[in-house]
Amino acid sequence: MEKVDLKMRNVVFFDGVCHLCNGFVDAVISRDKSHVFLFAPLQGTTAAQLLSNEDRTKLDTVIYFEAGKTYYRSAAILKVLSRLGGGYKLFAAATLIPAPLRDVFYNFVAKNRYSWFGKRDLCRLPTPEERSYLLP
């Protein structure tokens, strides 16, 4: 397998046991026709290689890593959605709302995600179709 410089790729880090987070990953994979993104659980080895110890403990946030820059919370979600292209580019308009205001809603959902959507016992195992998207 060819070694890929992950620092030059678009990697979405997510809580691997969170049903809501996994639903987000599924939704993005199904719409990522250009294969722009890779995904890795915050609990995995890829996160250990690319993120700080502090970032890896932030299981209540999606973290998006793009060409050496790191985005958190609503900024990460909006960046990912807008990078999907097409009508999803409209999500970029939400960045006009100051991040602290956007993150009030984000934090509320993140705080309640396990009770509302559930939690897995283990991180997701990729289907054969997902293997090219998911990193350890």
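## Glu-66 and its polar partners

In this predicted model, the side chains of Glu-66 and Tyr-64 are joined by a polar contact of 2.9 Å. Glu-66 also reaches Arg-83, again through a side-chain to side-chain polar contact, at 2.9 Å. If you are setting up a view of this site, those are two good pairs to start with.

Where does Glu-66 sit? It belongs to strand β3, which covers residues 63-66. Glu-66 counts as buried because its relative accessibility is 14%, and the cut-off for buried is under 20%. Setting aside neighbours within four places in sequence, Glu-66 is in contact with Arg-9, Asn-10, Tyr-71, Lys-79 and Arg-83. Arg-83 thus appears both in that contact list and as a polar partner of Glu-66.

## Strand β3 and its neighbours

Let's widen the view to the strand itself. Both faces of β3 are covered, with Ile-63 and Phe-65 buried on one side and Tyr-64 and Glu-66 buried on the other.

Which strands pair with β3? On one hand there is β1 (residues 10-14), which runs antiparallel to β3 and is joined to it by 4 bridges. On the other there is β4 (residues 69-72), also antiparallel and paired with β3 over 4 bridges. Ile-63 is a handy marker here: Phe-13 stands opposite Ile-63, and Tyr-72 in β4 is a bridge partner of Ile-63.

β3 and β4 together form a hairpin with 2 residues between them. In that turn, Ala-67 has a positive phi of about 50°.

## Phe-39 in strand β2

Next comes Phe-39, a residue of strand β2 (residues 37-41). Is Phe-39 buried or exposed? With a relative accessibility of 0%, Phe-39 counts as buried.

Its contacts beyond four places in sequence are Val-12, Phe-14, Val-25, Val-28, Ile-29, Tyr-133, Leu-134 and Leu-135. Ala-27 is 12 residues from Phe-39 in sequence, and their C-alpha atoms are 12 Å apart.

## Arg-31 in helix α1

Finally, Arg-31 is located in helix α1, which spans residues 19-31. Arg-31 is classed as partly exposed because its relative accessible area is 37%, and that class lies between the 20% and 50% cut-offs.

The side chain of Arg-31 makes a polar contact of 3.0 Å with the side chain of Ser-30. Not counting residues up to four places away, Arg-31 touches Leu-84 and Tyr-88. For a longer-range reference, Arg-31 and Arg-113 are 82 residues apart along the chain, with 23 Å between their C-alpha atoms.

Notes
Residues numbered from 1 in each chain as written. Predicted model: local features only at pLDDT ≥ 70, side-chain atom pairs only at ≥ 80, totals over all residues. Heavy atoms only, no water. Buried < 20%, exposed > 50% of the residue type's maximum accessible area, 1.4 Å probe, protein only. Polar contact = N/O pair within 3.5 Å; in protein donor to acceptor, adjacent residues only side chain to side chain. Contact = heavy atoms within 4.5 Å. Pairing = 2+ DSSP bridges.
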